[in-house]
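Student: Could we go through this model together, one feature at a time? I would like each answer to be reasoned out before it is given.

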Amino acid sequence: MTSFTLHGISVSRGIAIGRAHLVAPAALDVKHYLIADEQVEAEVQRLQGAIATVHKELQTIWNDLPKDSPAELGAFIDVHALILSDPMISDVPLDIIRTRYYNAEWALVTQIDELSAQFDEVEDAYLRERKADIQQVGERVLKVLTGSATTLPARDGGESSVHMIVVAHDISPADMLQFRDRAFSGFITDLGGQNSHTAIVARSLDIPAAVGMSNASALIAQDDWLIIDGDAGVVIVDPAPIVLEQYRERQAYLLRERKKLGKLKKTPAVTRDGTSITLLANIEFPDDCAAALEAGAHGVGLFRSEFLFMGRTGYVHKLPSEDEQFESYRRAVVAMKGRPVTIRTLDIGADKPFDVAEQTALNPALGLRAIRYCLAEPQVFLAQLRAILRASAYGPIKLLIPMLAHAFEIDQTLAMIEQAKSQLREAGKKFDPLIPVGAMIEIPAAALTLPLFVKRMDFLSIGTNDLIQYTLAIDRVDHEVAHLYNPLHPAILQLLWNTIAIGAKAGVPVAVCGEMAGDPKLTRLLLGMGLREFSMHPTQLLAVKQEIVNSDLGLLIPHTKKIMRAYEPGVIADAMEQLRLM
Ligand code: PEP
Ligand code: MG
């Protein structure tokens, strides 16, 4: 096979070299053909074998569930095992092979379609939802039949298993999480933008990745050799030996550079001219605190609590209980040993639905997302607020509210926090009565009406990922407009500058917790704008710190003012280059 190159969007640094592991799309879309009489028993056995394999897979997943996983996850696997054992799935398709001479995949899909149609008729909403479970079980069996495994081998710590690159049409943020404990060295998807939540989770795994590769999953075959150049967003398929050699050298060089960065772990984050900068971590789960501490974070600047609520497939709207949430928040704050933990309240919706199959809004990014959902579902919100408040008895916690835009939303939110506090008082539960409350500034309307916010809030945190999405009117998930996603657009720079300046004037601390804060190419610019708190994935922290310790604010601030007066992209690019050399 000849070598070819694919271009997409870079989401994560570094170089990965490995073999392709295709993750099949979830569609029940299979080849249909009739088999000969003498093939019937072999085909029956093929299907039985696949069913047995899935039984084993489910058992392995069940055994490997982390101790702290939500109880529903175990129940969900049990439901799948039960469905798989049901004669409707384990026997009827075999009869279809024997009587209608369908190939195994076709026989299975025929029966699943039949069952799905029956479920559509069911009145009971809960039972109707079980249709999704049946389809998922069917997909698992199909993936085994078609030879595209559903699960990746577990990380065994050995070198040999690490060189696998996941290739998929798309991966939901929740599915991306399952790759956390799996052995693979890179990933490639057809869809996705640089700051889609899938990309953000991938970045937190710190492995080279490229998204928005259009039809990579169709062009790449299982086991093809691949190189991902994560810095350039380029994938080379079946590279020539000389190309492979060059990339191996570059990979080794990058590894050496990273090792050097490790030396900065204990170095204080102070600029050359003596200003201390606060470096915070973005986390998705309490377990991520270990990485945050290891990187030397001063605290957690963004705990994306919605990840506790997502991916509970088959249990739509079955949310984590107050106690379960409390336990997660408490674990995070205890793990951080006295360093502050900023917990963002449920930012569900847009590309982070409770369940991908449940996404119905026409324009989810503009829909009932984040605080809008929470104010519409006060019982869900109050339960979360109580859980966070209770955890605040165990260490310093700050509450961060996403997607605020209106004064009445701020006021209603603050009133609900007070309500949660009085409920806890009545119940005799301890909490920090002075818990600081902050707002995400991530809707342009908020960035343009800051007096409303600084008057009511203890701190602000700029969510540049959404601020860019909403200011430039480009869907952060859509790779077709990814080239327009530009943090250096003067409109973004103006909003950032304005927010930092107004916060400083009002004495309200301002952080940036969007991906801009973790991009070392932007560190000097943000410092020059006056930013003193950066929150990012722990994996980015040392690279950003390196920029900080090499910066001189006395030089950066006047130069940044010049950038702020520029509108032409060429002028901004030149000024950024000068900033880099200062
Ligand atoms: C942001 O929008 O910049 C942000 C930090 O939140 P999220 O990426 O989770 O939307
Ligand atoms: Mg956001």
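Student: Which helix holds D133, and is D133 buried or exposed?

Tutor: This is a predicted model, and in it D133 lies in helix α6, which covers residues 125–145. Buried means under 20% relative accessible area. D133 has a relative accessible area of 1%, so the residue of helix α6 counts as buried.

Student: How far apart are the C-alpha atoms of D133 and L467?

Tutor: Along the chain, D133 and L467 are 334 residues apart. In space, the separation of their C-alpha atoms in the model is 37 Å.

Student: Which residues coordinate the magnesium ion (ligand 2)?

Tutor: The magnesium ion (ligand 2) has its coordinating atoms at 2.0 to 2.1 Å, an OE atom from one residue and an OD atom from the other, and these belong to E442 and D466. E442 lies in the loop between β13 (437–441) and α16 (444–447), whereas D466 lies in helix α18 (residues 464–471), so the pair ties together parts that are 24 residues apart in sequence. Both of these residues are buried. The names asked for are therefore E442, through OE, and D466, through OD.

Student: Is helix α18 parallel, perpendicular or oblique to helix α19?

Tutor: The axes of α18 and helix α19 (residues 490–506) come within 10 Å and cross at roughly 130 degrees. An angle over 145 degrees would count as roughly antiparallel, and 65 to 115 degrees as roughly perpendicular. The crossing of the two helices is right-handed. With the angle of roughly 130 degrees in neither range, α18 is therefore described in relation to α19 as oblique.

Student: What kind of aromatic pair do F303 and Y329 form?

Tutor: A search of the whole structure finds five aromatic pairs, among them this one. For F303 and Y329 the centres are 5.8 Å apart and the planes are at 75 degrees. F303 belongs to strand β10 (residues 300–304) and Y329 to helix α12 (residues 322–335), so the pair ties together parts that are 26 residues apart in sequence. Both F303 and Y329 are buried, and with planes over 60 degrees apart their pair is edge-to-face.

Student: Why is the pair of F354 and Y373 edge-to-face?

Tutor: The ring centres of F354 and Y373 are 5.5 Å apart, and the angle between their planes is 65 degrees, so the pair counts as edge-to-face. F354 lies in the loop between β11 (341–344) and α13 (370–376), and Y373 in helix α13, 19 residues apart. F354 is buried at a relative accessible area of 13%, and Y373 is buried at 11%. The value that decides the class is the angle between the planes, which has to be over 60 degrees and here is 65 degrees.

Student: Which residue lies over the face of Y394, and which over the face of F459?

Tutor: Over the face of Y394, at 5.3 Å from the ring centre, lies R330. Over the face of F459, at 5.2 Å from the ring centre, lies K398.

Student: What is phi of Y101, and what is phi of D238?

Tutor: Y101 lies in the loop between α4 (92–100) and α5 (104–121) and, at 29% relative accessibility, counts as partly exposed. D238 lies in the loop between β8 (234–237) and α10 (241–262) and is buried, with a relative accessible area of 18%. Neither residue is a glycine, yet phi is positive in both: about 65 degrees for Y101 and near 45 degrees for D238.

Conventions. Residues are numbered from 1 along each chain as its sequence is written. Chains are lettered from A and ligands numbered from 1 in the order in which they are written. This is a predicted model: local features need pLDDT of at least 70, side-chain atom pairs count only at pLDDT 80 or more; totals for chains, interfaces and linings use all residues. Side-chain values use heavy atoms; hydrogens and water are left out. Rings of Phe, Tyr and Trp (its six-membered ring) pair if their centres lie within 6.5 Å; planes under 30 degrees apart count as stacked, over 60 as edge-to-face and the rest as tilted. Helices (H or I, at least four residues) and strands (E, at least two) are DSSP runs, numbered from the N terminus. Buried means under 20% relative accessible area, exposed over 50%, partly exposed in between (1.4 Å probe, protein chains only). A charge sits over a ring if NZ of Lys or CZ of Arg is within 6 Å of the ring centre and within 35 degrees of the ring normal. Donors are N, O and S atoms within 2.8 Å of the metal (3.2 Å for Na, K and Ca); water is not among the atoms, so sites may look incomplete. Axes are lines fitted to C-alpha atoms, for helices over the stretch in contact, and angles run from 0 to 180 degrees between N-to-C directions. Angles under 35 degrees count as roughly parallel, over 145 as roughly antiparallel, 65 to 115 as roughly perpendicular and the rest as oblique. A crossing is left-handed if the near helix is turned anticlockwise from the far one by less than a right angle, and right-handed if clockwise.
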